[in-house]
Structure formats: structure tokens, C-alpha cells
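Please write a short report on the structure shown below. Keep the sentences brief and explain each term once.

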Amino acid sequence: MLRDMEPREGAVSVAYGAVNRSKRSLGLDLKKSDAQTIIGRLIQKYDVLVEGFRSGVMSKLGLGYETLKELNPALIYCSITGYGQTGPYSDRAGHDINFVALSGSASYTGRKESGPLPLGTQMSDLAGSYNAALGILAAVVSRKLTGRGQHIDVSMSDGMLALNVIAGAGFAALGLEPDYEDSILNGGGTYDYYQTCDGRYFSVGCLEPKFFKRLCEAAGCQNKNTVTKKELKNIFKTKTFDEWREIFANSDACVEPVLKFSEVAEHPHFKARGMFVPVDKRDGNTQRQIAFPVKFSGNGTDYKHVGPTPGHDTRQVLAEAGFLSEEISEFFRTGVVAAGQKIY
């Protein structure tokens, strides 16, 4: 789905190009028997496999963990699905909004008068990928000690449920059911977004008294101890976005503007952190992308190229795996592999 998602630059979705940055692409028809031969060869070198099919699909293709671990006992095999490898929903279809809904997160993220809201970013998808990376690294450490790999079962809905750290803990331990705008962190207090007179928004995160005091001093509140949320709403509507931005620019009050991406890219903090980088498109040009957010003291991040078109590196990957030129040509002739085209 991501391959076909707008917007595009040329033939490639820019989201696909960002998510698959620095990866290589092998176009392989898993339904053909020779695909098992190719993967069997590849996992001797690439000893971590990540797959995102519904539960049981890889086993039907003859590529399940129990089969492949016989070829390489050190194989780390990570399955990322919506609902995991077990349970009554293990073969059920779903998308991010469904996992957010079933996890309970949507039951208290929204407004009393309008209910839940669709999130702008895919929280459960991202949680699934982070959990997969964490699980794979833990399995690598285990393998160093035991010499054996293992199957990692990552459920995106499980991951979303686990993100309910505060509200989930209250329910699990005490049976407390959260609701919209009923706590200090989901709009039940002054911790919220406030509209300016020109229709933009500011975030207010003044949980501690010292920060709330600074907010009131900067905003000119008459009573700095008993300002209500309604009063804050009225105060923010007295000035424009730019006026409030200037007022809070040097105020350490946990008050920040809601920025558009064009403003984020020019923000001095993100510019200093190098959070937008040019990435090679393999055609002599570059594409601006959001950078990897982790900074290392020992080395930088190597941005090789944007995500390739499906099958772009098929010949190179197969040659590196030890297949002869004649074998590779036969794979192409029989449709086992493909390169540089739209592959489904």
C-alpha cells in the first residue's frame, strides 16, 4: 500500500522512499518453488528475517520459522502482524486506526462532544516497528550467549495497548476506566491546545507550578494562582500566533506553538540537530528527508540512498549470494525474480 501512496516524486512514493531508506530490494515471487532455494541461500548470510504477512502465510509458502531454522539454527525470525501469531484475531485484517481502537487508546483520546479523533501519525504501526527492533536486538544478544536464534512475535495491537502506560496502569491495578477530557493529560485540565485569534494553536504543558506561574506572567493573567481553562482560552484569543510566539520565545514555561512542517524545517533547534537531510536518489539528485533521530557519539548516520523501486537490486543481491549468471538469468526467465518494475 505504501508504494502507491501519494505524494510521489517521479514514480516512487516519497513515504515509501523514506521508510525504505538505505535498503536494497530483491524482487522475489514467494509462490514459486525456487524462491525457497534463494531464501535458503540468503539466510546463510542475512541471519535476521523480518516478515509482515498474516499469521500462517509464510508457513504455507514453505518459509516458516520451523522450516528455515533447520537451514540456519542461528536465524532470528521476526513476524510483525496486526494481532500476533496466536489468539482469535491472529488472521484478522486491520489497520492502524483499528489497533488504536481495540487497544483502548481511542476511548480517552479525543473530546467529550466529538469522541475519538484519527491520529495524524500511525502510532501502532510505529510501536510495532520499534518493538520489533528491540526484540531483534535482544535476540542478537541471546544468540551471542547461546548460539541459537528464535522466532519473535510482534503484534501491533499489543504494542499499542502497552503504550497506555498511565491510563492502562490505572485500569489494570485499580479498575479505573479513563474517559475523554477526564485527566490532567488528556484535556481535563489546562494541559491542552489553545487557539489564537488568527486560527492557529499553541500547546500548554504547564503541569508544575513554576511553569504555570511563568505562563501567567508571560500571558498577563490577572490571578496567577487560579486561572481556569476557560480564562486561558479567552486569553490566547486576544493575540495572533506570531504575537504569542514572540512572547513565549524566551519563556521557559512549557508553552510551544503548533508548527507546520514548513516551519519545523526552518526552526533553529531542528536545524541545529540536523533533522532534515539530503539523501541520494541514485540518479544524480537528492531528496530531502527527515533524519534518523538518534545521535551517536562514536559515528554518524550513513544515508546511502532513498528507498529503491521494487527489485532494483535483484541481480546484485543474487550474485553476492553466490548464484551464477546463468542461474540468475533462468530465475528471471521463469519469473521467480524481477527487477526495476512494479511487483505485487
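## Loops, turns and overall plan

E181 sits in the loop between α8 and β9. Helices (H or I, at least four residues) and strands (E, at least two) are DSSP runs, numbered from the N terminus. The phi of E181 is positive, about 50 degrees, although E181 is not a glycine.

This is a predicted model, in which local features need pLDDT of at least 70, side-chain atom pairs count only at pLDDT 80 or more, and totals for chains, interfaces and linings use all residues. Residues are numbered from 1 along each chain as its sequence is written, and side-chain values use heavy atoms, with hydrogens and water left out.

R282 also has a positive phi, near 65 degrees, in a residue other than glycine. R282 lies in the loop between β12 (276-280) and β13 (286-290). Another backbone detail comes at P7. The peptide bond from E6 to P7 is cis, with omega near 0 degrees. P7 belongs to the segment before β1 (8-9).

Now the whole protein. It has 15 helices and 14 strands. Its C-alpha atoms fill a box of roughly 80 × 55 × 40 Å, taken along the principal axes. The protein is divided into domain 1 (1-19 + 281-343), domain 2 (31-179) and domain 3 (192-258). These bounds come from an automatic or database domain assignment. Taken over C-alpha atoms, the centres of domain 1 and domain 3 are 46 Å apart.

Contact means heavy atoms within 4.5 Å. Among contacts between residues at least 6 apart in sequence, 65% join residues at least 24 apart.

## Buried and exposed

Buried means under 20% relative accessible area, exposed over 50%, and partly exposed in between (1.4 Å probe, protein chains only). Of the 344 residues, 36% count as buried. Three residues show the three classes.

| Residue | Place | Relative accessibility and class |
|---|---|---|
| F99 | helix α5 (residues 96-102) | 1%, buried |
| R282 | loop between β12 and β13 | 31%, partly exposed |
| L137 | helix α6 (residues 123-146) | 55%, exposed |

What does F99 touch, not counting residues up to four places away in sequence? Its partners are G82, Y83, G94, S124, D125, M156, S157 and M160. F99 and R8 are 91 residues apart along the chain, and their C-alpha atoms are separated by 27 Å. L137 and V337 are 200 residues apart in sequence and 30 Å apart in space, C-alpha to C-alpha.

## The nonpolar cores

In soluble globular proteins, nonpolar side chains tend to be buried together. A nonpolar core is a set of buried Ala, Val, Leu, Ile, Met, Phe, Trp, Tyr and Cys residues joined through side-chain atoms within 4.5 Å.

The largest core has 23 residues, of which L28, L30, I38 and L68 touch the most other members. The elements that give it two or more residues are α2 (33-42), α4 (65-71), α14 (314-320) and α15 (325-333). Helix α2 gives the most, with 4 residues. Domain 1 and domain 2 both give residues to this core, so it lies between them.

Leaving aside neighbours within four places in sequence, L30 is in contact with A35, I39, F53, M58, L61 and L63. A second, separate core has 19 residues, including C221, L232, W244 and F248.

Which residues of α2 are buried? They are A35, I38, I39, G40 and L42. These buried residues pack against β3 (27-28), α4, α14, α15 and β14 (337-338).

## The second largest pocket

On a 1 Å grid over the protein atoms alone, a pocket is an open set of points where a 1.4 Å probe fits, with protein on both sides within 12 Å along at least five of seven lines; lining residues have an atom within 4 Å of a point. Grid points are joined across faces, edges and corners, and a volume is the space filled by probe spheres set on the points.

The second largest pocket holds about 1,300 Å³ of space. Its lining has 37 residues, of which Y108, T109, G110, L185 and N186 lie nearest its centre. Helix α8 gives the largest share of the lining, 5 residues.

The lining divides into 19 nonpolar, 14 polar and 4 charged residues. Here Ala, Val, Leu, Ile, Met, Phe, Trp, Tyr, Cys and Pro count as nonpolar, Asp, Glu, Lys and Arg as charged, and the others, Gly among them, as polar. Domain 2 and domain 3 both give residues to this lining, so the pocket lies between them.
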